[in-house]
Amino acid sequence: MVSDRGQIERRRRRLREELRALSAQPLMRGSVVERVRRCGRANCACARDPRARHRGTFLTVYLQGATQAVHVRPEDEAAVRAAVAANRRRWRLIDALTACA
């Protein structure tokens, strides 16, 4: 019969290995959001038709007491989403390691 202590140690080891593997990836705190807005030009279609509003992807993050938003270029969106997801996974692993105590 396998002891509980042995199972906990194996789980900790596996979680630490996953955490080490994540450290090789880019990590980014924040959320990726899509905003829809009007540009403000009176002759633009977005001024008359809500479906014609301009879309943009942004990384939002709380820094120095305020939420900051940075525009994400379409060619960078996949990498930014992957870095944000990796950071979330890192925190889930840290929480799981803490629960093993």
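These legends accompany several close-up views of a predicted model.

**View 1. Helices H1 and H2 pack against each other.**
Helix H1 covers residues 4-22 and helix H2 covers residues 77-99, and the two pack at an angle of about 160° with their axes 10 Å apart. Because angles over 145 degrees count as roughly antiparallel, H1 and H2 are described as roughly antiparallel to each other. The crossing in which H1 passes H2 is left-handed. On the H1 side the meeting residues are Arg11, Arg12, Leu15, Arg16, Glu18, Leu19 and Leu22, and on the H2 side they are Ala86, Arg89, Arg90, Leu93, Ile94, Ala96 and Leu97. Sorted by class, this contact of H1 with H2 holds eight nonpolar and six charged residues, with no polar residues.

**View 2. Helix H1, with its length and its buried residues.**
The 19 residues of H1, taken at 1.5 Å a residue, should span 27 Å, and the end C-alpha atoms of H1 are indeed 27 Å apart, which agrees. Within H1 the buried residues are Gly6, Arg12, Leu15 and Leu22, and what covers these buried residues of H1 includes H2. Among them, Arg12, Leu15 and Leu22 also belong to the residues of H1 that meet H2.

**View 3. Helix H2, with its length and its buried residues.**
For the 23 residues of H2, a rise of 1.5 Å a residue leads to an expected span of 33 Å, and the end C-alpha atoms of H2 are 33 Å apart, in agreement with that value. The buried residues in H2 are Val80, Ala83, Val84, Ala86, Asn87, Leu93, Ala96 and Leu97. These buried residues of H2 pack against H1, against strand S1 (31-37) and against strand S2.

**View 4. Asn87, a buried residue of helix H2.**
Asn87 has its place in helix H2, and with a relative accessibility of 7% Asn87 counts as buried, since buried means under 20%. When its neighbours within four places in sequence are left aside, Asn87 is in contact with Leu27, Met28 and Arg29.

**View 5. Thr60 in strand S2 and the residues around Thr60.**
Thr60 has its place in strand S2, and with a relative accessible area of 15% Thr60 is buried. Not counting residues up to four places away in sequence, Thr60 touches Gly30, Ser31, Val33 and Arg35, and Thr60 also touches Thr67, Gln68 and Ala69.

**View 6. Val36 in strand S1.**
Val36 is found in strand S1 and counts as partly exposed, at 43% relative accessibility. Leaving aside its neighbours within four places in sequence, Val36 is in contact with Arg53, His54 and Arg55. Trp91 stands 55 residues from Val36 along the chain, and the C-alpha atoms of these two residues are separated by 30 Å.

**View 7. Ala52 and Ala45 in the loop between S1 and S2.**
Ala52 lies in the loop between S1 and S2, and Ala52 is partly exposed, with a relative accessible area of 27%. Not counting residues up to four places away in sequence, Ala52 touches Ala45 and Cys46. Ala52 and Arg38 are 14 residues apart in sequence, and their C-alpha atoms are 8.5 Å apart in space. Ala45, which also lies in the loop between S1 and S2, counts as partly exposed at 36% relative accessibility. The C-alpha atoms of Ala45 and Asp4 are separated by 65 Å, and these two residues are 41 residues apart along the chain.

**View 8. Gln64 in the loop between strands S2 and S3.**
Gln64 is found in the loop that runs between strand S2 (54-63) and strand S3 (66-71). The phi angle of Gln64 is near 50°, which is a positive value in a residue other than glycine. Gln64 is exposed, with a relative accessible area of 84%.

**View 9. His71 in strand S3.**
His71 is found in strand S3 and is partly exposed, with a relative accessible area of 47%. Not counting residues up to four places away in sequence, His71 touches Thr57 and Phe58. The C-alpha atoms of His71 and Glu17 are separated by 34 Å, and the two residues are 54 residues apart along the chain.

Conventions
Residues numbered from 1 in each chain as written. Predicted model: local features only at pLDDT ≥ 70, side-chain atom pairs only at ≥ 80, totals over all residues. Heavy atoms only, no water. Helix = DSSP H or I, 4+ residues; strand = E, 2+ residues; numbered from the N terminus. Buried < 20%, exposed > 50% of the residue type's maximum accessible area, 1.4 Å probe, protein only. Contact = heavy atoms within 4.5 Å. Axes fitted to C-alpha atoms, helices over the stretch in contact; angles between N-to-C directions. Parallel < 35°, antiparallel > 145°, perpendicular 65-115°, else oblique. Left-handed = near helix turned anticlockwise from the far one by under 90°. Nonpolar A, V, L, I, M, F, W, Y, C, P; charged D, E, K, R; others polar. Expected span 1.5 Å × (residues − 1).
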